[in-house]
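Me: I would like to learn how to read a structure feature by feature, with the general idea placed before the particular case. Could we go through one together?

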Amino acid sequence: MLNPMSVMVLLDAEFRRFVLWVPVLLALGALAYFLWPYEPGFLDGVGIPAGVAGLCLGACFYWRQSLVVRLAGEAGLALAVGFGAAWCAAHRQPPMPELPRRGTEISGIVRDVAFFPAPAGQGQGQGEPVRRVTLAHVILHDFVDDGMAPLRRTLDIRLVQHDSTLLVPGDGLRVRAIVQPPPFPALPGGRDRQFEAWFSGQAGSGYALEPVQVEPGVQGRVSGFWQGVATVRGRVNARVRAVLPGPSGAVVATLLDGRAEAVPQDVREDFAAAGLAHLLAVAGLHLGLVMGAAMLVCRMALAAWEYAALRWPCKALSAFVAWGVGGGYVLLTGAHLPAVRSWLMASIVVLGLMVGRRAVSMRGLALAATLMLLVAPQAVLDVAFQMSMAAVMALVAGYEVLHPRLIRGLSGLTGARHGLARHGVMLVLTSLLAGTATLPVVMAHFGVVQPFFVLANLLAVPLMGVWIMPLGLAALAAMPLHADAPFLYLMDAGVRVVLWLARSVAGWPGARMGVPAMPGWGLAGVLLGLCWLCLWRGRLRWWGMPVVLCATLSPWLVARPDLLISPDGQLMGVRDHAAILVMGHARDEQTIKTAWAQALAMPVTDFSTTAEQAAETPDGSLICGEGDAGGTCTLLRNKHEVVLRVHDPTDGRSLLPPDLCAQADLVVSAAPLRASCPDVAVRLDRFSAWRVGAQVVFLASGVRVVSDRQIRRERLWVLRPGGHGMPTLPLAQAE
């Protein structure tokens, strides 16, 4: 048992590490806002945090001689700032507009053009790729919205496959399309695309019904700078696709312009199974390789120039040039959150080199994380941010502890053996630290474990560093001179080796093992335990290890649902011993099935999708197509009886037989239940799904229903029932 004196000794020993907890507390404050049970108003979202911050500052000033009071006050200040920053970031976003539910003619300004692989069934490499355009300043040309102001959010429109109209950012575009808002989560606690769309400025997506028309004379109202960046990205992508068609060319384009949409799905799956998925997500690794290559070339050039080598600070100048090259690469690849975080970290490294301080440190990482959380606090829920911060934090902390021991262990080697052994050990250590730290995050967001990630990265990462990325940088430099083809071909050769490696490792037994969905508290425990383990230095740090281990096991410590219902109520899934038995049809059926399979770590099997024919599971717990009521199934589990009405051509006007409802504890129907089974305690139908979204049912002890609306509640980014947003009609003067 620790006494107050020993606590003070520990606090005093870790005094210089307290500042590292500032971004953690900011993240906790932002997380508190996103998990708040209701949408805070201005007083709750700004006034109360401002008051708490003022009280904390006053306490720190008044009791400035007390270390405990100062620490508590500073912690409260960081939490309040994080909460207020998240509230302001959420309320800065424009409202989600109401989109038409029919084919509508729309016009807008092209902000970006992306490419997708040809639809499945056309063969590998056959067929023209499908384009998707991002439209800004969209105007809806229908009888309701005609004459209204342009939408303040963007729309992603998938063009018809054989539309060959030349489009560049800034063009005016007009097309007839079907649009829809961001979808509801496939199950409670699942991926929230509405949250992502809210903070990314997206209104929804859709697909064109006919070829587009370019409107001549329309002046693009997109920012000139970002329009220029988008134009350069488009030209780089087009050049790479022209020189290198096929899957390897899509990977090369991804590494140079940051767009991974064109990478075929089978390649993505191979990379994910081999633990190489991070190679397709441009982030710190790619930026580090680009900046390292740029710094090496610049320093060698300065060293070869006698005047500069004798009189100029070549190391600092090379670092500054590499920093500029890295900034250009971040812009070229879309300025995604992980890349921006890495570039901020690189900025601190460059500053440290120029003033003679240590380049890579935990304080630099904390400063970069603090800046990002103040500007974009929603990043606390972003998988890329979580993985990036966990990996870098583990690398910095691991090298702080292990690097001196490795140097001492290799001191007996000399010459080439020392260099090879040092680089080999560092590579293994880097893969182990980064892979182990991000493993629980991958489990939480993707539901998989890749046990062979270290082996795959041992070969793929060096190849990326010494061959692929330097050649890619050379190709970008030579592209304005139209001399990039040789570099692209050589780069493609290295990418083909990585593709072969990913395919080979993905084919090994047990290369990709599914795990059930990790609860939110489990992921929070993993990240907080990892912070505790990495941010402290003394024996206090080891208290975080049991927290990380217990939280990593949390997917197997929570109950799994027995029944799943899709957001529109049309698809039902019953968890069996070895699979999810799915019945019914839904509009986003494939997406929903994939989300269910990932959440329960079980395959999906179609089971009597119309429930018209008699069907039964081997254990007899699920029976379909029996009795007078067509299109129904009966589930018997844990002494509970559940009636599932999967198919009803009468739209609920035909009542379920009373004898079927007599023993039922729960009735679920894809159609409205209306007057069917009025005495059953729990009734779920299409209308209840419309009101509360996706639902899951637990039958372990009683009938417990959890809905998406219970999890997300009434927040800014949660669309109203049916996916309705803010009407685009103007308000009256009095309003």
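**Reading rings, cores and strands**

Reply: Let us begin with a single side chain: Trp-536 is buried, with a relative accessible area of 6%, and we should keep in mind throughout that this is a predicted model.

Me: Which residue forms an aromatic pair with Trp-536, and how is such a pair described?

Reply: A pair of aromatic rings is described by the distance of the centres and the angle of the planes. Here Trp-536 pairs edge-to-face with Trp-532, at 5.7 Å centre to centre and with 80° between the planes. Trp-532 is partly exposed, at a relative accessible area of 28%, whereas Trp-536 is buried.

Me: How many aromatic pairs are there by this rule?

Reply: The count comes to 24 aromatic pairs. Among them is the pair of Tyr-307 and Trp-312, which is edge-to-face because the planes stand at 85°, with the ring centres 6.1 Å apart. Tyr-307 counts as partly exposed at 42% relative accessibility, and Trp-312 is also partly exposed, with a relative accessible area of 35%.

Me: Which residues do ring pairs link into a cluster?

Reply: The cluster joins Tyr-33, Phe-34, Trp-36, Tyr-38, Phe-83, Phe-195, Phe-199 and Trp-717 through ring pairs. Tyr-33 also has a charged residue over its face, since Arg-715 lies there at 4.8 Å from the ring centre. In another case, the charged end of Arg-241 sits over the ring of Phe-115, 3.6 Å from the centre of that ring.

Me: What does Tyr-33 touch, once residues up to four places away in sequence are left out?

Reply: Tyr-33 touches Glu-39, Pro-40, Phe-83, Ala-86, Trp-87, Ala-90, His-91, Arg-715, Leu-716 and Trp-717.

Me: How many residues make up the largest nonpolar core, and which of them have the most contacts inside it?

Reply: The largest nonpolar core has 47 residues, and those with the most contacts inside it are Tyr-33, Phe-34, Phe-199, Met-362, Met-393, Leu-535 and Trp-717. Two or more residues come from each of α2 (22-34), α4 (67-92), α5 (193-200), α13 (362-375), α14 (383-409) and α18 (520-535). Of the elements, α14 gives the most to this core, with 8 residues. Apart from it lies another core, of 46 residues, including Val-251, Leu-279, Val-282 and Ala-322.

Me: How should I read a helix, and which residues of α18 are buried?

Reply: An α-helix has 3.6 residues a turn, so residues three or four places apart point the same way. The helix α18 has 16 residues and reaches 22 Å from its first C-alpha to its last, close to the 22 Å expected at 1.5 Å a residue. Its buried residues are Gly-522, Leu-523, Gly-525, Val-526, Leu-527, Gly-529, Leu-530, Cys-531, Leu-533, Cys-534 and Leu-535.

Me: In what order do the strands of the open sheet run, and which strands stand at the edges?

Reply: The open sheet is formed by 6 strands in the order β13-β14-β15-β16-β17-β18, with mixed pairing. At its edges stand β13 (615-616) and β18 (682-684), and each has a single partner strand, so one side of each is left without a neighbour in the sheet. Strand β17 (residues 666-669) pairs with β18 in the parallel sense over 3 bridges, and the bridge partner of Val-667 in β18 is Arg-683.

Me: Is Ser-707 buried or exposed?

Reply: Ser-707, which is in strand β20 (residues 704-707), is buried, with a relative accessible area of 5%. Leaving aside neighbours within four places in sequence, Ser-707 is in contact with Pro-188, Val-692, Ala-694 and Gln-695.

Terms used
Residues numbered from 1 in each chain as written. Predicted model: local features only at pLDDT ≥ 70, side-chain atom pairs only at ≥ 80, totals over all residues. Heavy atoms only, no water. Core = buried A, V, L, I, M, F, W, Y, C linked by side-chain atoms within 4.5 Å. Buried < 20%, exposed > 50% of the residue type's maximum accessible area, 1.4 Å probe, protein only. Helix = DSSP H or I, 4+ residues; strand = E, 2+ residues; numbered from the N terminus. Contact = heavy atoms within 4.5 Å. Phe/Tyr/Trp six-rings, centres within 6.5 Å; stacked < 30°, edge-to-face > 60°. Lys NZ or Arg CZ within 6 Å of the ring centre and 35° of its normal. Pairing = 2+ DSSP bridges. Expected span 1.5 Å × (residues − 1).
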